[in-house]
Amino acid sequence: MEADSPIILIKIGGSTLGSEDTSFGDVAALQRQGARPVIVHGGGPAITSWMAKLGLRAEFVRGLRVTDGPSLEVATAVLAGLINKSLVSELRSAGVNAVGVSGADGGLLRGRITDPELGFVAGELKADASLIERLADAGYVPVVSPIAASVDDPGQLLNVNADSAAGALAVALGARSLVFLTDVDGILNADGRLIRRVPLATGDELLHSGVVKGGMMPKLEACILAAKAGVLAGIINGTQAGALPSWLEGSLPGTAVV
C-alpha cells in the first residue's frame with residue numbers, strides 16, 4: 001500500500017455492531033480502491049451487558065461512562081478482547097486483512113485522569129500513530145480498541161471514549177476523512193431534522209447549545225477537533241447498506257463538520 005494513499009478513519013459504534021449493514025464489505029472496497037482504512041470501535045452496550053451479568057451497575061456522566069476498578073477490568077476484556085477479535089474475524093471473512101490492537105499497544109493512546117468523577121477514564125488524550133501507519137503501509141487494516149495507557153502511572157490502563165480516540169487518531173494520522181457510523185442519520189436539531197452541515201466556526205456554539213446531547217456530544221467534539229486539523233469529519237447512519245462509500249462520494253445525507 002502506498003504511503004501517500006488517503007487514510008479513511010472509520011469509527012464503528014457499539015450501536016451498529018452486529019447490524020445488518022455492509023460496512024465490512026465497504027471497508028474491503030475502499031482498500032481495493034487504494035485507500036488505507038483504519039477502524040476504531042466502541043462497544044458500550046456489550047460492556048453494559050457484561051457488567052450486568054457480573055452484578056455491576058453502569059453509570060454515565062455527560063454521556064461518558066464512569067469507570068471504577070471492576071468496570072475497567074470488564075471494559076478492557078470486552079473491548080480489547082471479545083469485540084476487537086470478533087471484528088477482526090468478521091473483517092477477514094469479508095476479505096479485509098485486518099489486525100487488532102488496543103490503544104495501549106505501541107504507545108498508541110496515552111492519557112491521564114482529568115475528571116475524577118469519571119474514574120479511570122483518559123483525558124488529555126495523546127496519540128502516537130506510528131504503529132498504525134506502519135500497519136496500514138504494509139497493507140493491513142488496523143482495528144483499534146479504545147484502551148489507553150496512563151502517562152502518570154506506567155502500567156495503569158485507562159478507558160477511553162471511542163469517539164475521542166477516533167478524533168485524536170484522525171488528527172495524528174493526518175486522515176483525509178473521519179466517519180462516525182451510528183444508528184441515526186446524524187445530528188438532529190430541536191425539531192428532529194437533520195443538520196447536514198456544521199461550519200467549524202459555529203461548532204462549539206452548537207456543542208453548548210443544548211441541542212446535542214448524550215453520546216452525540218463526544219462525536220461532535222471529535223469532529224470539531226479533526227476539522228480544525230483539516231480532516232473532513234462526518235456522522236452518518238451506518239446501518240444502511242453502502243453508507244460509507246455513499247457518504248464519501250457525497251450521495252448520502254449525514255452531518256458534516258467543515
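## Two sheets and the helices around them

In this predicted model, 4 strands build an open sheet with the order 7-6-9-10 and mixed pairing. Strand 7 (122-127) and strand 10 (157-159) sit at the edges with a single partner strand each, so one side of each has no neighbour in the sheet. Go from one strand of this sheet to the next and the average turn between neighbours is 45 degrees, direction ignored.

Now for the pairings inside this sheet. Strand 6 (residues 109-113) runs parallel to strand 9 (residues 147-150), and 2 bridges join them. With strand 7, strand 6 pairs in the antiparallel sense, over 4 bridges. As background, strands of a sheet pair through backbone hydrogen bonds, either parallel or antiparallel.

Arg110 is a handy residue to click on here. Across from Arg110 in strand 7 stands Lys126, while its bridge partner in strand 9 is Ala149. Gly111 stands opposite Ser150 in strand 9. Over in strand 7 there is also a backbone oddity to look at: Glu124 lies in that strand, and its phi is near 45 degrees, a positive value in a residue other than glycine.

What packs on this sheet, touching strand 9 and strand 10? That is helix 3 (residues 69-93), and its direction makes about 85 degrees with that of strand 10. Helix 5 (residues 162-173) lies across strand 6 and strand 7 and runs at about 25 degrees to strand 7.

Helix 3 also holds Ser71. Ser71 is buried, with a relative accessible area of 5%. If you leave aside neighbours within four places in sequence, Ser71 is in contact with Met51 and Val66. Pro116 is 45 residues away from Ser71 along the chain, and the C-alpha atoms of the two are separated by 15 Å.

### The 8-stranded sheet

The other open sheet to look at has 8 strands in the order 5-8-2-1-11-13-14-12, again with mixed pairing. Its edge strands are strand 5 and strand 12 (197-198), each of which pairs on one side only.

Strand 8 (residues 141-145) deserves a look. Are its residues buried or exposed? 5 of the 5 are buried, so strand 8 is largely enclosed by the rest of the structure. Val141, Val143 and Ser145 point one way from the strand, Pro142 and Val144 point the other way, and all are buried.

Strand 8 has parallel partners in strand 5 (residues 98-102) and in strand 2 (residues 36-41). Elsewhere in the sheet, strand 11 (residues 177-182) and strand 13 (residues 232-237) pair in the parallel sense. Here are these pairings with their bridge counts:

| Strand pair | Sense | Bridges |
|---|---|---|
| Strand 5 and strand 8 | parallel | 5 bridges |
| Strand 2 and strand 8 | parallel | 2 bridges |
| Strand 11 and strand 13 | parallel | 6 bridges |

Some residue pairs help to place these strands. Ala98 stands opposite Val141 in strand 8. The bridge partner of Ile39 in strand 8 is Val143. For Leu178, the bridge partner in strand 13 is Ala233.

### Helix 6 against helix 7

Two packed helices are described by the angle between their axes and the distance between the axes. Helix 6 (residues 200-207) and helix 7 (residues 216-228) pack at an angle of about 160 degrees, and their axes are 10 Å apart. Angles over 145 degrees count as roughly antiparallel, and that makes helix 6 roughly antiparallel to helix 7. The crossing of helix 6 and helix 7 is left-handed.

Which residues meet where helix 6 and helix 7 touch? Helix 6 brings Leu200, Gly203, Asp204, Leu206 and Leu207, and these meet Met217, Leu220, Glu221, Ile224, Ala227 and Lys228 in helix 7. Sorted by class, this contact has 7 nonpolar, 1 polar and 3 charged residues.

Key
Residues numbered from 1 in each chain as written. Predicted model: local features only at pLDDT ≥ 70, side-chain atom pairs only at ≥ 80, totals over all residues. Heavy atoms only, no water. Pairing = 2+ DSSP bridges. Axes fitted to C-alpha atoms, helices over the stretch in contact; angles between N-to-C directions. Contact = heavy atoms within 4.5 Å. Parallel < 35°, antiparallel > 145°, perpendicular 65-115°, else oblique. Left-handed = near helix turned anticlockwise from the far one by under 90°. Nonpolar A, V, L, I, M, F, W, Y, C, P; charged D, E, K, R; others polar. Buried < 20%, exposed > 50% of the residue type's maximum accessible area, 1.4 Å probe, protein only.
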